[in-house]
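Please examine the sequence and the three-dimensional model shown here before reading on. The text that follows is meant to be read with both in view.

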Amino acid sequence: MDKKELANLAIKARQMSYSPYSHFQVGAALLAKDGRVFTGCNIENAAYTPSNCAERTALFKAVSEGVREFSMLAVVGAAAGQSEPFPVTGPCGVCRQALNEFCELDMPILLVTGADSWEEVTLGQLLPYDFGPRDLK
């Protein structure tokens with residue numbers, strides 16, 4: 001799976017977003033080390049706090065199927081109806097912490113701005129001074 005394919009799967013997942021309150025649609029595609037891809041979208045709720053981000057939706061789908069090792073994540077977000085170029089959208093703090101539970105700090109994260117464009121960062125860059133499972137060993 002190359003970066004362009006993963007970016008396009010995130011863009012496709014964004015179309016499944018349920019975001020009637022924020023109207024900000026987010027899609028994610030998480031590549032497992034075994035080659036499987038788990039996609040997710042944001043799912044909002046009228047009570048707000050039960051809402052779930054696209055990144056955690058993809059992560060939780062993978063973990064619920066027994067997958068615990070990942071090699072790359074692509075994230076895309078934009079207002080409903082907006083087409084490319086998309087704004088750079090990074091995972092929220094809760095998603096960064098959830099990813100830290102299962103992903104290495106050097107895992108690439110693509111902040112997708114279009115089918116052929118993204119900014120690449122690592123989880124460690126997005127979560128400096130992390131605290132995770134490595135600290136509890």
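The paragraphs below treat the sheet, the helices, and then selected contacts between side chains.

The model under discussion is a predicted one. A suitable place to begin is its sheet, an open one built from five strands in the order E2-E1-E3-E4-E5, with mixed pairing. Strands E2 (37–41) and E5 (117–122) occupy the edges; each has a single partner strand, so one side of each is left without a neighbour in the sheet. On average, neighbouring strands are turned by 20 degrees against each other, direction ignored. As background, strands of a sheet pair through backbone hydrogen bonds, in either a parallel or an antiparallel manner.

Two of the pairings may be followed residue by residue. Strand E4, covering residues 108–114, pairs with E5 in the antiparallel sense over six bridges. Within this pairing, Pro-108 stands opposite Thr-122 of E5. Strands E1 and E2 also run antiparallel, and five bridges join them. Here Ala-28 has Gly-40 in E2 as its bridge partner. The hairpin of E1 and E2 has four residues between the strands, and in this hairpin Gly-35 takes a positive phi near 95 degrees.

Attention now turns to the helices. Which strands does helix H1 touch as it packs on the sheet? Helix H1, residues 3–14, touches E1 (24–32), E2, E3 (70–79), E4 and E5. The direction of H1 makes about 45 degrees with that of E3.

Helix H2 (54–64) invites a question about its surroundings. Why is H2 described as largely enclosed by the rest of the structure? Eight of its eleven residues are buried, so the description applies. For this step, a residue is called buried when its relative accessible area is under 20%. The buried residues of H2 are Ala-54, Glu-55, Arg-56, Thr-57, Ala-58, Leu-59, Ala-62 and Val-63. Their cover includes the strands E1, E2 and E3, together with helix H3 (93–102). After H2 comes Gly-66, which has a positive phi near 90 degrees.

Contacts between charged side chains form the next topic. The whole structure contains four salt bridges. One of them joins the side chains of Glu-120 and Lys-3, with 2.7 Å from N to O. Glu-120 belongs to strand E5 and Lys-3 to helix H1, so this pair ties together parts that are 117 residues apart in sequence. Both partners are partly exposed: Glu-120 has a relative accessible area of 41%, and Lys-3 one of 31%.

A further salt bridge connects Lys-4 with Asp-116, whose closest N and O atoms are 2.8 Å apart. This pair, too, links distant parts of the chain, since Lys-4 lies in helix H1 and Asp-116 in the loop between E4 and E5, 112 residues apart. Lys-4 is partly exposed at 41% relative accessibility, whereas Asp-116 is exposed at 55%. Another salt bridge is formed by Arg-134 and Asp-130, with 3.2 Å between the closest N and O atoms. Arg-134 counts as partly exposed at 35% relative accessibility, and Asp-130 counts as partly exposed at 21%.

The cysteines can be considered next. How many disulfides does the structure hold? The number is zero. For Cys-41, the nearest cysteine sulfur is that of Cys-53, 11 Å away. Cys-41 is buried, its relative accessible area being 11%. For Cys-95, the nearest cysteine sulfur belongs to Cys-92 and is 3.7 Å away. A disulfide requires two cysteine sulfur atoms within 2.5 Å, and Cys-95 is in no disulfide. Cys-95 is buried as well, with a relative accessible area of 1%.

The final topic is the aromatic rings. In general, a pair of such rings is described by the distance of the centres and the angle of the planes. A search of the whole structure finds one aromatic pair. Its members are Tyr-21 and Tyr-48, arranged edge-to-face, with 5.9 Å from centre to centre and 70 degrees between the planes. Tyr-21 is located in the loop between H1 and E1, and Tyr-48 in the loop between E2 and H2; the two are 27 residues apart, and the pair links distant parts of the chain. Tyr-21 is partly exposed, with a relative accessible area of 37%, while Tyr-48 is exposed at 57% relative accessibility.

Technical notes:
Residues numbered from 1 in each chain as written. Predicted model: local features only at pLDDT ≥ 70, side-chain atom pairs only at ≥ 80, totals over all residues. Heavy atoms only, no water. Pairing = 2+ DSSP bridges. Axes fitted to C-alpha atoms, helices over the stretch in contact; angles between N-to-C directions. Contact = heavy atoms within 4.5 Å. Buried < 20%, exposed > 50% of the residue type's maximum accessible area, 1.4 Å probe, protein only. Phe/Tyr/Trp six-rings, centres within 6.5 Å; stacked < 30°, edge-to-face > 60°.
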